Amino acid sequence: MQMDPQEVLSLCKRRGFLWPAYDIYGGMGGLYDYGPLGAVLKSNIENHWRRLYVLGEGFHEIQCPIIAPEPVFKASGHLDAFSDMYVECTSCGETYRADHLAAGLHDNPAALNEEQLGKLLRDNNVRCEACKGELTPPRRFNLMFKTSVGAGKGKAGYLRPETAQGMFVNFSQVYRYGREKLPVGAVQLGRSFRNEISPRQGLLRLRELSMMEAELFVHPEDKSWPKFKDVKATKLSLVPNSGPPVDMTLQDAVAQHVIANETLAYFMWLTQRFAVDIGIDPKRLRFRQHEKTEMAHYAADCWDLEAEIGYGWIEMVGVADRGCYDVQAHLTHSGADLTAFEKFDEPREVEQEVVRASFGNLGPLFKGKAKQVAEALAGLNPASVKGSDSVTVEVSGEKLVVPSSCYDVVLKKEKVSGRKLVPHVIEPSYGVDRLLYAVLDHAYSKKDDYISLRLNPLVAPIKAGVFPLMPRDGLDDIALGIHDSLSRSGMMSYYDDSGSIGRRYARMDEVGTPCCVTVDYDTKTDGTVTIRDRDSAQQLRLRTELVPKAVQALVAGAKFESLSKLE
RNA sequence: GCGGCUGUAGUCUAGCGGUUAGGACUGGAGCUUCCCAAGCUUCAAACCCGGGUUCAAAUCCCGGCAGCCGCACCA
């Protein structure tokens, strides 16, 4: 069923899930407030994710600042790749991507700066494609929010466009915390910021968004995953970038190289499971592989989990093999040793020929430069030096001829106990707001104008409604007692004694509360209450003291009918 | 960012130059032994913002903001 997004958003606004932000000041595009129910729904989704990643897979949760200094994004590539250059027609106002207009005029227009690109367009007399008008010089538009840190001119900083960089720059800390073993994973949940040109479609394109990201650091040559065997028979809907969509087992997908490796496949499985757990309809989920041209500047392979909602097929999660791109980039830019150490099973005796300087002759001959010459000699290929009368080395730009009396080729024995590796990264990156919207979209149901949110009890903000049939004769006190016992068990319940009982059920159905407990006159005599199922409107009688246990069971996934067997 | 359409209580909407701005739903207070949005009484609640035209603007015009649709963008 295709849900009209306007209808879903209207319910969200009406019932306290979502509000357009800063509404009394006219609002601001791309920003939303989570109301009381939305905030709880969101944190329920986040907590389930934590359960899978932190408790289930042993990832380490960290929290990094939202503001980062410029070099971080210089290294990550966001400063360059994340900004586009635009030109505008001075007569009709049409805008163009400058690098697109320059395609064909240059091998790699994306690599040019504003000036070079402007010159290229001018020299080739590129004009507006619509009206042949003159174009403005290229202007840069960066999708990151820039800010200034500190007094005066300050230091350039940016609001992070993803939480990932905080984990990459902390690789060494995480690696050490995980006691220096690969694979090791970090996760982070938090806000990220993207200065979208035209935010639209409610929660789908926000300027401030919540992400849940996991970075799994793995051995570059070993992307197997022990738990893969437990899930390999599961079928996923795949849309590969070559060939038609297929439903395929993970085992076949990896064997046929549709999915690059076991680890990537396993986390696709985990992603699918998470989405289903929080109530997204598995029949409306698929994984679409990025086109080669669409792949981000860092990704080696990437699959998006897409859900079909009122807006069409929408990306919810990206599961990417980022290769060593990020860690290598930070290693290069910062100079920090962001490597893992792989210890060999046995330390290896490595015999190696090296060119060794003979300082007895070298020193007197080259005096002050002798040390530099020796270093240059050590860098030479021993095989090419052997047997020659002299070699030429370059020292601070100067070519020096070194006679063979100044060096020997010797066999050097070294004990090597391992090697340094730049880890590869498997990254599942989840857009919380989009997932939450998809949950609402798939839960929304309407029959004869009766709206019900069929939220999975696991994520439903309110777990139970509690009503006295009549707000008197002590029924209200009993109901308040049940409400209290649910709260003490850590479950949000909602006490309501106003209006007819049907109206109260309807109120709870509309916000997705999975069950309602009603205290009636029989409760006073036999100590039982009715519990009603949201989706079937079935009722069971239950001993009052079993209510928290029953609701807990529903949240844990029990079928409603099974509640009658509770003891 | 460009072009088109739109903006009335919490929601859906009537009004198309002069209205105490109407209704429905929701919400609050109350009545009703009340198990699926029943009924009754009662209360609260709106013309997106700023300019202009006019004796008079929710209504016409301009600008802004916001939303929707298309283009572009979405690392």
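This presentation describes two sheets, a helix contact, a pocket and two local backbone features of a predicted model.

Good morning, colleagues. I begin with the sheet of nine strands. This sheet is open, its pairing is mixed, and its strands follow the order 3-10-11-21-16-15-14-12-13. At its edges lie strand 3, residues 60–61, and strand 13, residues 246–249, each of which pairs on one side only. Strand 3 is joined to strand 10, residues 184–193, in the parallel sense, and two bridges connect them. Histidine 60 has alanine 186 of strand 10 as its bridge partner. As a general reminder, strands of a sheet pair through backbone hydrogen bonds, in either a parallel or an antiparallel manner.

Just ahead of strand 10 there is a backbone feature to consider. Proline 183 sits in the loop between helix 8, residues 171–177, and strand 10. The peptide bond leading from leucine 182 to proline 183 is cis, and its omega is near -5 degrees.

I turn now to the other sheet. Five strands make up this open sheet, in the order 25-24-26-27-28, again with mixed pairing. Strand 25, residues 493–495, and strand 28, residues 539–543, are the edge strands, each pairing on one side only. From one strand to the next, the twist averages 25 degrees. Within the sheet, strand 26, residues 515–519, and strand 27, residues 528–533, run antiparallel and are joined by four bridges. Threonine 518 has threonine 530, in strand 27, as its bridge partner.

Which strands does helix 17 touch as it packs on the sheet? Helix 17, residues 475–488, touches strand 24 (464–468), strand 25, strand 26 and strand 27, and its direction makes about 160 degrees with that of strand 24. Helix 18, residues 501–510, also packs on the sheet, where it touches strand 24, strand 25, strand 26, strand 27 and strand 28. The direction of helix 18 makes about 170 degrees with that of strand 24.

Next, a contact between two helices. The axes of helix 2, residues 36–56, and helix 16, residues 432–443, come within 10 Å and cross at roughly 110 degrees. The two helices, helix 2 and helix 16, are therefore roughly perpendicular to each other. On the side of helix 2, the contact involves Gly38, Leu41, Lys42, Ile45 and Glu46, which meet Val432, Asp433, Leu436, Val439 and Leu440 of helix 16. By class, the residues of this contact are six nonpolar, one polar and three charged.

Both helices appear again in the second largest pocket. Its space is about 860 Å³. Which residues lie nearest the centre of this pocket? They are Leu455, Asn456, Pro457, Leu458 and Leu554, out of a lining of 37 residues. Helix 2, helix 11 (262–277), helix 16 and helix 20 (547–555) are the elements that each give two or more residues to the lining. Helix 2 gives the most, with four residues. The lining divides into 17 nonpolar, nine polar and eleven charged residues.

I close with one further backbone feature. Aspartate 448 is placed in the loop between strand 22, residues 444–447, and strand 23, residues 450–453. Its phi is near 50 degrees, a positive value in a residue other than glycine.

Thank you for your attention.

Notes. Residues are numbered from 1 along each chain as its sequence is written. Chains are lettered from A and ligands numbered from 1 in the order in which they are written. This is a predicted model: local features need pLDDT of at least 70, side-chain atom pairs count only at pLDDT 80 or more; totals for chains, interfaces and linings use all residues. Side-chain values use heavy atoms; hydrogens and water are left out. Two strands pair if DSSP finds at least two bridges between them. Axes are lines fitted to C-alpha atoms, for helices over the stretch in contact, and angles run from 0 to 180 degrees between N-to-C directions. Contact means heavy atoms within 4.5 Å. Angles under 35 degrees count as roughly parallel, over 145 as roughly antiparallel, 65 to 115 as roughly perpendicular and the rest as oblique. Ala, Val, Leu, Ile, Met, Phe, Trp, Tyr, Cys and Pro count as nonpolar, Asp, Glu, Lys and Arg as charged, and the others, Gly among them, as polar. On a 1 Å grid over the protein atoms alone, a cavity is a set of points where a 1.4 Å probe fits but cannot get out, and a pocket is an open set with protein on both sides within 12 Å along at least five of seven lines; lining residues have an atom within 4 Å of a point. Grid points are joined across faces, edges and corners, and a volume is the space filled by probe spheres set on the points.
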